[in-house]
Amino acid sequence: MDLSTRLEVASVSDPGMVRSHNEDSVSTDVRHGLVVLADGMGGYNAGEVASGMATTLIVTELQVLLERFEPHEVHVKSGNKYSTLMIREQVAKANTSIFQAAQSQPQYAGMGTTLVVALFYDDRMMVACAVRSSSR
């Protein structure tokens, strides 16, 4: 279902008064009703890298899945809605990718991000939050 005529998304981000650079990342796909916000963990290495990885991976992967499955449909084997399964799986993949990058590249050691995923469908909204994705 194309939500671009019924949903409007606006975002703004600010590094605040403590940091000289912004570690936030926002990615949207209004057509699919998808909004992802990640806030890199300040005080750790490469928070902006972690937040960018999370938003890019989740939106890209969910776009593919939302072309194949309707969020409200129920998965026969698990009994869960596809929206729950898709979001849970993509958040886990993003966490794994961030962890592996932090383990394999010294300049990314300890990087992490907070994460909020919102999926709008059928006059509903599903929200998922991850408090921390980090290699520490």
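## A walk through the chain

Among contacts between residues at least 6 apart in sequence, 61% join residues at least 24 apart. The model is a predicted one. The chain has 136 residues, and 38% of them count as buried. Its accessible surface comes to about 7800 Å². Carbon and sulfur atoms hold 52% of that surface.

Next, the elements. The chain has two helices and four strands. From the N terminus on, they run β-β-α-α-β-β.

Begin with strand β1, residues 24-29. Thr28 sits in this strand. Thr28 is partly exposed, because its relative accessible area is 36%, and partly exposed residues fall between 20% and 50%. Beyond its neighbours within four places in sequence, Thr28 is in contact with Val9, Leu34 and Val35. Thr28 can also be set against Ala118, which stands 90 residues away in sequence. In space, their C-alpha atoms are 9.5 Å apart.

After β1 comes a loop that leads to β2, residues 34-40. Which residue forms a salt bridge with Arg31? The partner is Glu67, and the closest N and O atoms are 2.7 Å apart. This pair links distant parts of the chain. Arg31 lies in the loop between β1 and β2, while Glu67 belongs to helix α1, and 36 residues separate the two. Side chains of opposite charge can pair when their charged atoms come close. Arg31 itself is partly exposed, at 39% relative accessibility. The count of salt bridges comes to one.

Helix α1 covers residues 47-68 and includes Ser51. Is Ser51 buried or exposed? Ser51 is buried, because its relative accessible area is 1%, and buried means under 20%. A polar atom of its side chain lies 2.7 Å from the backbone oxygen of Glu23. Leaving out residues up to four places away in sequence, Ser51 touches Glu23, Asp24, Ser25, Ala38, Asp39, Gly40 and Thr113.

Helix α2 follows, with 23 residues, 82-104. At 1.5 Å a residue, α2 should span 33 Å. Its end C-alpha atoms are 33 Å apart, so the expected span and the model agree. Now look at which residues of α2 are buried. They are Tyr82, Ser83, Met86, Ile87, Gln90, Val91, Ala94, Ile98, Ala101 and Ala102. An α-helix has 3.6 residues a turn, so residues three or four places apart point the same way. That rule helps when reading the list of buried positions.

Strand β3 spans residues 112-121, and Val116 is part of this strand. Val116 is partly exposed, with a relative accessible area of 34%. Val116 also belongs to a nonpolar surface patch of about 380 Å². The other residues of the patch are Val26, Leu37, Met125 and Val127.

Finally, turn to the loop between β3 and β4, where β4 covers residues 124-134. What is the sign of phi at Asp122, a residue other than glycine? Phi of Asp122 is positive, near 45°. Asp122 lies in this loop and is partly exposed, at 31% relative accessible area. Asp123 lies in the loop between β3 and β4 too. Asp123 has a positive phi of about 55°, although it is not a glycine. Asp123 is exposed, because its relative accessible area is 74%, and exposed means over 50%.

Key: Residues numbered from 1 in each chain as written. Predicted model: local features only at pLDDT ≥ 70, side-chain atom pairs only at ≥ 80, totals over all residues. Heavy atoms only, no water. Expected span 1.5 Å × (residues − 1). Buried < 20%, exposed > 50% of the residue type's maximum accessible area, 1.4 Å probe, protein only. Polar contact = N/O pair within 3.5 Å; in protein donor to acceptor, adjacent residues only side chain to side chain. Contact = heavy atoms within 4.5 Å. Areas by Shrake-Rupley, 256 points an atom, 1.4 Å probe, with all protein chains shown as cover. Patch = residues over 30% accessible without salt bridge, like charges linked within 9 Å, V, L, I, M, F, W, Y side chains within 5 Å. Salt bridge = Lys/Arg side-chain N within 4 Å of Asp/Glu carboxyl O.
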